Amino acid sequence: MTKCFHCGEACTESPIVLEEKSFCCQGCKLVYEVLSDNGLCSYYDLEEFPGESQKLKSSKFQKFDFLEDLDVQNQLLDFKNEEECHVTFFIPIIHCASCIWLLENLMQINSGVISSRVDFIKKKVQVKYNPNKISLKELVVLLSTIGYEPKIKLSDEGGTSNPSIDNKLITQLAVAGFCFGNMMLFSLPEYFSETKLLGEGFKGLFNYLNVLLALPVIIYSANSYFLSAWNSLKQKKVNMDVPIVLGIIALFLYSLWEIFFSGNAGFMDSLGGLIFFLLLGKVYQQKTFATLEFDRDYKSYFPMAVTKLVQDQENVVPISKLSIGDVILIGDQELIPADSILLNQSAYIDYSFVTGEEIPVSIKKGEVIYAGGRQIGEPILLTVQKSPSQGYLTDLWNNDAFEKEKTGNLEPLANKVSGVFTWTVLAVAFVAFLFWSFEDLSLAVKAFTSVLIVACPCALAMSTPFTLGNTLRIFGKGKLYLKNASVVEKMAQVDTLVFDKTGTLTSPANATINFHGECLTDETKDVLKSLVSKSSHPLSNRINQWLGTRSFLKIDGFKEIKGKGLEAFYFGECICLGSQEFIGSKKLIKISDGNLVFLSIANHEIGYFHIQSGLRESSPPMIRELAKSYELHLLSGDQSHEQLSLRSNLGPQINFNFNQSPNDKLEYLQNLSRNGKHTLMVGDGLNDAGALQASEVGIAVTEQVSHFSPASDAIIDSSVISKIPEFLAFAKSNRTIIKISFLLSFAYNLIGISLAVQGLLSPVICAILMPLSSITVVIFTTVSTNLVALKKGLIKLKKD
């Protein structure tokens with residue numbers, strides 16, 4: 001029977017022929033023509049019959065007309081401007097490499113698509129497109145035409161779903177279990193050596209029934225193993241399913257020989273048990289990985305909060321508690337947490353976090369500001385239009401633009417070891433078969449099959465993600481929020497720590513402020529309050545607190561020049577607050593510690609604030625502890641007059657560097673990296689963004705969880721800075737745990753293969769031992785990471 005070249009379904013009627021290829025319907029032929037016209041027919045080389053049948057597809061796609069409605073578009077789109085729109089689709093039919101390949105090459109089919117990225121695990125595709133070239137409806141029609149119709153539900157609330165198991169896998173397990181149970185029933189006389197009582201007729205009948213029961217197990221239940229092995233071989237690679245498939249084929253063919261040519265019972269019951277226990281182990285792994293992904297989901301811990309206005313009172317709340325219609329206040333450099341409508345007359349929004357474009361966009365009153373934009377300038381009021389999504393914000397945090405170069409980590413090491421391991425197992429299995437075949441063919445097949453089944457690189461591959469995933473969860477509960485698991489490995493390799501001073505080693509709670517100069521009038525204080533409230537700089541925050549509750553006055557032209565100061569206009573007069581050079585002061589002032597912030601109005605110097613930040617109580621003991629194992633550096637934009645005071649408190653082990661601009665800090669980190677240092681930078685995330693990006697690990701410290709930087713690899717709550725030594729030690733312990741789990745996996749495989757080579761293990765016992773090795777690794781890594789975290793004080797035992 002002729003099969004459709006696109007989807008593989010039978011051509012029940014006269015096939016439609018094009019270029020010597022047969023198609024079951026006009027829809028499948030149309031998809032082929034679309035791919036052919038755009039030079040994408042290598043899609044069919046990745047997997048046989050990768051497409052979806054188009055027989056039931058409507059050529060007009062009227063059902064997508066609702067996507068032309070602007071309200072619907074606003075609900076579905078993640079981001080929109082005149083030249084670019086972002087949308088995320090759930091496409092459940094994504095199932096193989098060819099799906100990924102085709103969906104990530106949409107831009108070759110239609111020039112209106114800018115880029116597309118597939119998340120295979122979640123069956124989602126993120127598409128960026130030009131609305132001037134292709135509409136949302138046309139995009140959905142395009143996806144549907146090539147066989148990948150999105151599942152669109154306007155009622156979706158988003159959020160994290162509970163882990164689930166693949167229904168097909170459960171069905172395969174059920175079929176294998178049913179057949180295996182009946183095979184054992186038909187083989188009972190064989191087990192008790194009572195086949196003579198049955199007579200040759202019944203004995204042969206039971207053997208033939210076992211063959212029939214083995215067919216659905218081989219064809220359906222083991223189907224995923226065969227497909228995985230075949231796809232791997234087509235790509236000229238050997239994955240861990242190849243040995244398993246060879247073992248299944250060998251056992252099946254030898255059993256057929258035994259039953260039909262030798263008159264023996266064969267091993268069909270063992271084959272059924274083998275596949276049943278393999279699938280049972282697969283269900284366990286899938287369930288455990290899903291649970292791990294759910295537990296390690298740092299989005300639920302992500303420290304994103306926002307200032308919400310309730311009856312003119314400011315309250316800092318987590319974004320999970322925001323609702324549509326809430327009024328929020330967004331300050332300079334803060335991130336927009338949800339699609340919102342601007343209430344101010346105008347605003348400037350930096351969308352580089354979303355689009356990579358650094359030029360700020362001017363937004364007018366009543367227009368929509370999309371989540372992920374960063375406010376620039378004076379604070380603005382917004383009305384929340386769409387429920388906020390921490391998942392979307394953390395996806396932005398993982399934007400490729402902020403990805404750092406990956407060094408040799410343990411995860412790729414495990415993959416390399418698994419590849420070598422598979423080839424080694426194949427070689428051992430064939431040698432064992434050749435050795436025993438000269439003495440006993442039955443024993444040779446048993447040894448060959450047992451070696452292939454008992455060898456388990458799964459445990460080796462699972463040790464790293466399970467250990468790192470559990471570590472992410474523990475760090476998150478300890479208020480250190482990591483971007484991804486690879487940051488844990490980088491933390492373990494660090495040998496040099498670089499600290500910013502203000503807001504990192506010092507604390508606003510310990511600050512003392514004195515003003516020297518002309519007496520400040522109430523109006524001047526009100527103007528000053530209006531100025532510093534628009535800045536997120538730590539020194540501005542301290543002056544803001546010192547001023548207390550005051551009236552806000554209207555100021556214009558607010559600017560914050562990084563590393564220098566603030567500027568604004570009040571009734572046409574320029575108000576400047578910042579460094580001595582910024583306001584042009586010529587005074588000679590000597591101080592032993594603290595910072596000086598100068599104030600001028602209309603080019604007239606009013607005076608200066610002497611702000612003694614005050615070290616955190618935990619800073620000196622933390623630095624002394626870190627100095628035992630790391631090279632330490634301190635970078636500060638302040639004057640060097642504090643060096644003696646800081647050295648006496650922090651000790652001589654730290655290298656001090658003052659008068660550092662943001663660019664100086666960036667170059668300093670780059671020089672350390674060029675000299676072979678593995679650096680970790682701890683800073684405030686705003687002024688230190690460049691340095692955080694240049695370091696191997698950048699940790700942004702936040703007093704209020706409403707700030708975080710895309711350049712950072714992690715965010716730490718200021719209340720737990722003192723635990724940095726414990727976090728670093730825990731990261732190093734993780735490498736040890738992973739290496740021990742490697743050894744456990746190798747030891748299991750060495751013992752198992754040694755017994756299997758001698759023919760001392762049956763294939764069924766091997767199939768049971770295989771998932772047990774994975775269970776052992778999971779238990780070991782979970783218990784070990786929790787015990788180490790408990791010992792280091794990162795977690796506490798729950799009390800009844």
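These are my notebook entries on confidence, helix packing and aromatic pairs in a predicted model.

**Entry 1, confidence**

I began with the pLDDT, which averages 77 over the chain, with 76% of the residues scoring at least 70. Going through the elements, I found the lowest mean pLDDT, 58, in helix H2 (residues 43-46), and the highest, 92, in strand S21 (residues 573-578). I then looked up two stretches where the pLDDT is below 50: residues 56-60, which have three contacts in the model beyond near neighbours in sequence, and residues 292-303, for which the corresponding number is 37. I keep in mind that predicted coordinates should not be read in detail where pLDDT is low.

**Entry 2, helix H16 against helix H27**

Next I turned to helix H16 (residues 441-454) and helix H27 (residues 724-757), whose axes lie 8 Å apart and which pack at an angle of about 170°. Because angles over 145 degrees count as roughly antiparallel, I note H16 as roughly antiparallel to H27. On the H16 side I listed Ala447, Ser450, Val451 and Val454 as making the contact, and on the H27 side Tyr748, Asn749, Gly752, Ile753, Ala756 and Val757. Sorted by character, the residues of this contact come out as seven nonpolar and three polar, with no charged residue.

**Entry 3, helix H11 against helix H16**

I stayed with H16 and looked up its packing with helix H11 (residues 241-260), where the angle is about 155° and the axes are 8 Å apart. H11 and H16 are therefore also entered as roughly antiparallel to each other, and I recorded their crossing as left-handed. From H11, the residues I found in the contact are Pro243, Ile244, Leu246, Gly247, Ala250, Leu251 and Tyr254, and they meet Leu441, Ser442, Val445, Phe448, Thr449, Leu452 and Ile453 of H16. For this contact of H11 with H16 I wrote down 11 nonpolar and three polar residues, again with no charged one.

**Entry 4, aromatic pairs**

Finally I searched the whole structure for aromatic pairs, and the search gave 14 of them. I took one to examine, the pair of phenylalanine 475 and phenylalanine 730, which is edge-to-face, with 5.5 Å from centre to centre and 70° between the planes. Which parts does this pair tie together? Phenylalanine 475 lies in helix H17 (residues 457-477) and phenylalanine 730 in helix H27, so the pair ties together parts that are 255 residues apart in sequence. Helix H27 thus appears twice in my notes, here through phenylalanine 730 and in the second entry through its packing with H16.

Key. Residues numbered from 1 in each chain as written. Predicted model: local features only at pLDDT ≥ 70, side-chain atom pairs only at ≥ 80, totals over all residues. Heavy atoms only, no water. pLDDT = per-residue confidence, 0-100. Helix = DSSP H or I, 4+ residues; strand = E, 2+ residues; numbered from the N terminus. Contact = heavy atoms within 4.5 Å. Axes fitted to C-alpha atoms, helices over the stretch in contact; angles between N-to-C directions. Parallel < 35°, antiparallel > 145°, perpendicular 65-115°, else oblique. Nonpolar A, V, L, I, M, F, W, Y, C, P; charged D, E, K, R; others polar. Left-handed = near helix turned anticlockwise from the far one by under 90°. Phe/Tyr/Trp six-rings, centres within 6.5 Å; stacked < 30°, edge-to-face > 60°.
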